[in-house]
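The following paragraphs are meant to be read with the coordinates open, moving from sheets and helices to individual residues.

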Amino acid sequence: MKQLSTKVTSNGHGQDSSYFLGWEEYEKNPYDEIKNPNGIIQMGLAENQLCFDLIESWLAKNPDAASLKRNGQSIFRELALFQDYHGMPEFKKAMAEFMEEIRGNRVTFDPKKIVLAAGSTSANETLMFCLAEPGDAFLLPTPYYPGFDRDLKWRTGAEIVPIHCSSSNGFQITESALQQAYQQAQKLDLKVKGVLVTNPSNPLGTALTRRELNLLVDFITSKNIHLISDEIYSGTMFGFEQFISVMDVLKDKKLENTEVSKRVHVVYSLSKDLGLPGFRVGAIYSNDEMVVSAATKMSSFGLVSSQTQYLLSALLSDKKFTSQYLEENQKRLKSRQKRLVSGLESAGITCLRSNAGLFCWVDMRHLLDTNTFEAELDLWKKIVYNVKLNISPGSSCHCTEPGWFRVCFANMSEDTLDLALKRLKTFVESTDCGRMISRSSHERLKSLRKKTVSNWVFRVSWTDRVPDER
């Protein structure tokens with residue numbers, strides 16, 4: 001029998017996580033309104049399917065782009081031939097301008113500092129290869145995207161040390177949590193090379209506050225380490241405040257073109273904002289010429305096809321379309337999130353107040369038999385196998401508190417979401433805890449919401465992201 005490598009045969013990929021196991025169960029029994037109405041509804045997949053009609057409409061009006069034509073003439077042969085690792089200049093320019101537009105054109109991105117990658121997964125791994133030796137560590141605030149255990153560690157040999165965040169302050173990053181994570185890495189004899197954050201957060205569905213971003217920049221400055229800001233959800237903001245990028249903070253602190261700015265790197269992708277994960281378009285933005293050069297060489301392992309670049313450069317260069325798309329996407333996400341939150345509340349379940357993303361961070365602690373992660377997994381299994389909803393347990397996101405779950409809302413129709421909520425409500429009401437909750441929760445939630453909305457502090461304090469008290 002042929003011996004395989006230890007890397008391939010180890011569990012370093014993280015495939016045994018409940019996050020991935022839930023997907024496997026869904027694939028065995030996927031819900032279909034007609035063919036399989038009793039199947040599992042996929043609520044563990046952060047896909048944005050709410051604005052496909054806008055993109056399809058643009059494609060219909062711009063047939064040259066989709067047909068690989070320029071001024072009516074085929075450029076198939078040109079695109080079919082080899083392209084260098086740097087990517088098409090017109091596409092990188094369009095990407096840079098789209099990233100600027102999402103940030104209100106407050107900051108600029110130099111196309112020459114963009115490295116293309118086959119999605120943010122490839123981009124993040126490439127940065128790990130560039131910045132860390134095997135055994136070096138990056139600090140990540142919890143809860144974090146379960147796929148990072150695969151993306152950052154599996155092939156690179158890098159380590160993750162959690163920055164433990166708590167529901168007591170809405171899972172915000174604090175200075176003490178940063179220092180404790182750094183000290184923990186030192187105790188483990190790990191060299192800390194940087195901090196990686198997702199902004200807005202997956203799975204929290206909240207954008208980092210300016211205070212948190214200032215704290216992060218000050219921290220990596222004092223420790224002389226790197227900061228990777230994965231801003232893949234930057235165009236999904238649906239709150240009343242603007243998205244604040246780490247690039248905004250560098251500008252405000254007058255740190256542009258400094259040594260600190262060379263240690264700050266942004267990851268972006270079109271997978272979430274435009275709902276195009278299948279197109280595999282990601283990007284690294286760095287002010288460090290050596291990082292850009294090395295990452296460009298490494299991009300040969302995950303290039304974006306020339307056909308994809310050509311099509312999307314035309315789409316992103318249409319400023320009227322991108323402006324209308326971002327506005328409408330925000331409206332639809334806000335409406336859908338509100339529908340999920342309302343449906344959960346009717347079942348006596350609350351969420352962390354969110355302002356971005358394709359999911360909510362849902363509090364089901366009151367449904368646990370005991371305050372343990374074993375009880376969380378028991379509840380998760382009931383929801384997957386009995387209720388037939390695939391959601392992601394907080395333990396798969398390395399949350400330190402049992403009972404939190406990530407629930408996605410943008411990858412299905414409204415009817416499917418309503419059915420999922422109906423199933424969950426029926427389940428909650430069938431439990432001993434649920435029967436007690438259902439009699440009083442609806443009136444309690446209505447009363448608390450009324451008090452909260454009438455309080456003018458609600459809007460002022462939003463940017464500090466306090467925990468939801470409803």
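In this predicted model, helix α14, residues 319-346, lies across β11, β12 (359-363) and β15, and its direction makes an angle of about 15° with β12. The strands beneath this helix belong to an open sheet of four strands, in which the order is β11-β12-β15-β14 and the pairing is antiparallel. Because β11 (350-351) and β14 (392-393) each have a single partner strand, they stand at the edges, and one side of each is left without a neighbour in the sheet. Strands in a sheet are held in pairs by backbone hydrogen bonds, in either a parallel or an antiparallel arrangement.

At one edge of this sheet, β14 pairs with strand β15 (residues 404-408) in the antiparallel sense, over two bridges. One can locate the pairing through Ser392, whose bridge partner in β15 is Arg406. The loop between β14 and β15 contains His398, a residue that has a positive phi of about 65° although it is not a glycine. His398 counts as partly exposed, because its relative accessibility is 31%, which places this residue between the limits of 20% for buried and 50% for exposed.

β14 and β15 also take part in covering another element, helix α2. Within α2, which spans residues 18-28, the buried residues are Ser18, Tyr19, Phe20, Gly22 and Glu25. The cover over the buried residues of α2 includes α8, α15 (373-387), β13 (389-390), β14 and β15.

A second sheet can be followed separately. This open sheet has seven strands in the order β4-β10-β9-β8-β7-β5-β6, and its pairing is mixed. Its edge strands are β4 (114-117) and β6 (159-163), each of which pairs on one side only. On average, neighbouring strands of this sheet are turned by 25° against each other, when direction is ignored. Inside the sheet, β7 pairs with strand β8 (residues 226-230) in the parallel sense over five bridges, and Val197 stands opposite Ser229 in β8. Helix α9, made up of residues 175-187, lies across β5, β6 and β7 and runs at about 145° to β6.

Two cis peptide bonds can be found in loops that follow strands of this second sheet. One joins Thr142 and Pro143, with omega of about -5°, and Pro143 has its place in the loop between β5 (137-141) and α8 (148-151). The other is the peptide bond from Asn199 to Pro200, where omega is near -5°; Pro200 lies in the loop between β7 (192-198) and α10 (210-223).

A further loop, between α11 (246-252) and β9 (264-269), holds Lys254. Lys254 is not a glycine, yet its phi is positive, at about 55°. With a relative accessible area of 71%, Lys254 is exposed, because the limit for that class is over 50%.

The surface offers a last place to look. Phe82, Tyr85 and Leu303 form a nonpolar patch there, and together they have about 330 Å² of accessible area. Of these residues, Tyr85 lies in the loop between α5 (76-80) and α6 (89-102). Tyr85 counts as partly exposed, because its relative accessibility is 36%, and this value satisfies the requirement of over 30% relative accessible area for residues in a patch.

Technical notes. Residues numbered from 1 in each chain as written. Predicted model: local features only at pLDDT ≥ 70, side-chain atom pairs only at ≥ 80, totals over all residues. Heavy atoms only, no water. Patch = residues over 30% accessible without salt bridge, like charges linked within 9 Å, V, L, I, M, F, W, Y side chains within 5 Å. Areas by Shrake-Rupley, 256 points an atom, 1.4 Å probe, with all protein chains shown as cover. Salt bridge = Lys/Arg side-chain N within 4 Å of Asp/Glu carboxyl O. Buried < 20%, exposed > 50% of the residue type's maximum accessible area, 1.4 Å probe, protein only. Pairing = 2+ DSSP bridges. Contact = heavy atoms within 4.5 Å. Axes fitted to C-alpha atoms, helices over the stretch in contact; angles between N-to-C directions.
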